[in-house]
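The following exercises invite the reader to examine a structure step by step. Each task is followed by a worked solution.

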There are 2 protein chains.
Amino acid sequence: MINVAVLGYGTVGSGVVEVLNTNKESIAKRAGDEINIKYVLDLRDFPGDPVEKVLVHDFDTIINDDEVDIVVEAMGGTNPAYKFAKASLERGKSYCTSNKELVAKYGPELLELAKSKGKNFLFEASVGGGIPIIRPLNQSLTADEIMEITGILNGTTNYILTKMSKEGLDFDTVLKEAQDLGYAEKNPEADVEGYDACRKIAILSSLAYGEHVDYEDIYTEGITKITDADFKYAMKLGYTIKLFGKSKRVDDKFYAMVAPFMINSDNPLYSVNGVLNGILVKGNVIGDVMFYGAGAGKLPTASAVVADVVDAAKHIKTNIMTIWSSKKLVLDDIKNSRKQFFVRVEGDKAARLEEIKNVFGDVTVISLEELKDEFGFITPVMSEAEYEAASLEVSGIKTRIRIESV
Amino acid sequence: MINVAVLGYGTVGSGVVEVLNTNKESIAKRAGDEINIKYVLDLRDFPGDPVEKVLVHDFDTIINDDEVDIVVEAMGGTNPAYKFAKASLERGKSYCTSNKELVAKYGPELLELAKSKGKNFLFEASVGGGIPIIRPLNQSLTADEIMEITGILNGTTNYILTKMSKEGLDFDTVLKEAQDLGYAEKNPEADVEGYDACRKIAILSSLAYGEHVDYEDIYTEGITKITDADFKYAMKLGYTIKLFGKSKRVDDKFYAMVAPFMINSDNPLYSVNGVLNGILVKGNVIGDVMFYGAGAGKLPTASAVVADVVDAAKHIKTNIMTIWSSKKLVLDDIKNSRKQFFVRVEGDKAARLEEIKNVFGDVTVISLEELKDEFGFITPVMSEAEYEAASLEVSGIKTRIRIESV
């Protein structure tokens, strides 16, 4: 019998307990042993909930119990999660977590500690909710050099953008609706400003390239400036707009960013809608592979956490090799990365086209019947630095959105 | 150093050699040891090819060399592959194969043999080419009871159907073109009659449900009867037509089949086009997850084989648990499975509607301007047996295609 302690009885933690109970038999078969929930840690009481029998309020009870083999953490944040993770691994307990902040910040250190103890630090649920992506990157795509990762990594923003796209609504209206439905937090900053996606692409990139990508180094732009008018242009162009976490290897340089991108229907991420997530990985031999599913939610996330528990149980005495060195991967300045840009500018198309072409070169112009006093254009491929310099020479720019080439 | 022997220097075998050479350094890092190609077995000679140095014509050289740790087979067919696999495992060599015939027929026996020797029988490339699906099913989706698998598992037929759909061409024209491009074999039977997809869904279903699904038990229908007219109806209905390998758990019964299905754009498989493959897996807690990528091709397939080599190298002394018992999974007769059907029938809509409704119940009728002497209808949900009985009472049925509900 493998004894598990679950830290935190919120959405994900209670989901983990539910999944372990619902699929008890098949999980035991896969794990090769029965999984027993010995403790659930929470500061609150849950009168009448069956969890009461195993509920404790003090982490020391768990850490000092040598019968606990695996600690599952579903609390979020780095304090006290980091302390709990370190203590658990030091005492020879494997640690499975859905906590992206913890993994993005302390991943290499905790992996190293787990290795030195012959135990495991696992975090499938920290990116993409239920979608298997951490294990495939670590164990399936091992024949490839990973060249590029592009992910729709945040369900809240994808819900908002999808709704704006399909119903022609503006950002504030849809955000309000998402908040009412519980898809967005009251303080939506972490989602809509891209901070959540930033931590997730940092984790994926570290695993893909083998060295530590610091999320603080990643250029991050959210979706708060995207308007319903932008979607009108996008639609006319055959594009939609998605918030991407992206990283890319170009020759020996690495770029990473979080930003809204226009993409067309040839891109497999085009049809990843609503709260779903999708992650497109490009390898130098395998080409493109995509992983798609529920990026959040109680049971999908719990499914990924429990899959880690099964893996930890199967490897109760051996460390699963994970290549994520603490050596920092130096990202190149995104100013050097090259792409096309969609730009909206004030004024009359006929009057301004010559000026625009002088500055940006051979642009493709697009205008909408219903927006008389502005027009849009698509630039040639240029670096971010070149775009920035050019944009300073042109007045009345209302918006610029990067374009993803397929 | 881990010594590998590659059996067969055709498309996939030479791809394996190429991938092992191209990514030598990163593969060694992932495997924890250098991978050395000690032998390549082929009956042919390859004068001038660097492979000459390690080329052998006799399997005995390989089987009798105790330095060979891993045998990679990329020959196809069960003879002599089965003999080679058995001999390799018996001599304590792990065996990695892209051979779906071998895996579908002898999977449980060879897995059992590998386990008894503490070695591994791995076959990621046997389904979905480069797409990681075997390992995710075996190691990632372990918290779930798998309820359903639906896959576009054959690139040739998906290429043909996509081309028919986008260009309005008929089956024979597109097949000819696919043959000219090398996407379809001169004898295309294994692809277009669904036999290839049948073996693949048998493998996936066995892994998903843990017991042996015999591919000979699976109802299999190909795409040779699909016409350009069918696509015209599909398009008007907002559907497309895909060849699915499908299996499903309904209560305690299991169904499996290969057949063309109409699906709408809410289905993530809708946008899996051309030679690409996509596999949608439904778990009882995770919900839907999809895996997508190149289902065939030299390098993608070789990438999957080499990922198995890496896994075999990492587990050179331990068996990776795979749940696929030799106990046969008894499939229920698909006559009991329920769905809607799209039907085309000769004659005038106004004249025949009453008759059709009397037999099939409340159908939805659809007709096309350009096809005057026929019309189509969609049946209510009914069992295959009920459909069959009803269809005998109606004359002039030109086609029937199953409809996949999302």
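The exercises below concern a predicted model and proceed from a whole chain to its parts and then to the pair of copies.

**Exercise 1. The overall form of chain A**

Determine how many helices and strands chain A has, and how its radius of gyration stands to the globule rule.

Solution. Step 1: the secondary structure of chain A amounts to 14 helices and 19 strands. Step 2: the globule rule gives 22 Å for 406 residues, and the radius of gyration of chain A is 23 Å, close to that value; chain A is therefore as compact as a globular protein of that length. Step 3: the C-alpha trace of chain A spans about 75 × 45 × 35 Å along its principal axes. Step 4: of the 406 residues in chain A, 50% are buried. Step 5: when contacts in chain A between residues at least 6 apart in sequence are considered, 74% join residues at least 24 apart.

**Exercise 2. A sheet in chain A**

State the order of the strands in the open sheet of 6 strands, and identify its edge strands.

Solution. Step 1: strands of a sheet pair through backbone hydrogen bonds, either parallel or antiparallel. Step 2: in this open sheet of chain A the pairing is parallel, and the order is S3-S2-S1-S4-S5-S6. Step 3: the edge strands of chain A are S3 (55-56) and S6 (121-122), each of which pairs on one side only. Step 4: strand S2 (residues 35-41) of chain A runs parallel to S3(A) and is joined to it by 2 bridges. Step 5: opposite A:Leu41 stands A:Val56 in S3(A).

**Exercise 3. Helix H10 of chain B**

Compare the span of helix H10 (residues 195-209) of chain B with the expected value, and decide whether H10(B) is largely enclosed or not enclosed by the rest of the structure.

Solution. Step 1: H10 of chain B has 15 residues and reaches 21 Å from its first C-alpha to its last, close to the 21 Å expected at 1.5 Å a residue. Step 2: 14 of the 15 residues of H10(B) are buried, so the helix is largely enclosed by the rest of the structure. Step 3: just after H10(B), B:Gly210 takes a positive phi of about 85°.

**Exercise 4. The two copies**

Establish how chain B can be laid on chain A.

Solution. Step 1: a turn of 180° and a shift of 0.0 Å along the axis lay chain B on chain A with an RMSD of 0.0 Å. Step 2: the two copies are thus related as by a two-fold rotation axis. Step 3: in chain B, the C-alpha nearest the axis belongs to B:Phe291, 2.5 Å from it. Step 4: the same surface serves both copies, since 100% of the contact residues of chain B recur in chain A.

Conventions: Residues are numbered from 1 along each chain as its sequence is written. Chains are lettered from A and ligands numbered from 1 in the order in which they are written. This is a predicted model: local features need pLDDT of at least 70, side-chain atom pairs count only at pLDDT 80 or more; totals for chains, interfaces and linings use all residues. Two strands pair if DSSP finds at least two bridges between them. Helices (H or I, at least four residues) and strands (E, at least two) are DSSP runs, numbered from the N terminus. Copies are superposed by least squares on the C-alpha atoms of residues with pLDDT of at least 70 in both. Two residues are in contact if their C-beta atoms, placed from the backbone, lie within 7 Å. The expected span of a helix is 1.5 Å times one less than its number of residues. A residue is buried if 20 or more other C-beta atoms lie within 10 Å of its own, exposed if 12 or fewer, and partly exposed in between; C-beta atoms are placed from the backbone. The radius of gyration is taken over C-alpha atoms; the globule rule is 2.2 Å times the number of residues to the power 0.38.
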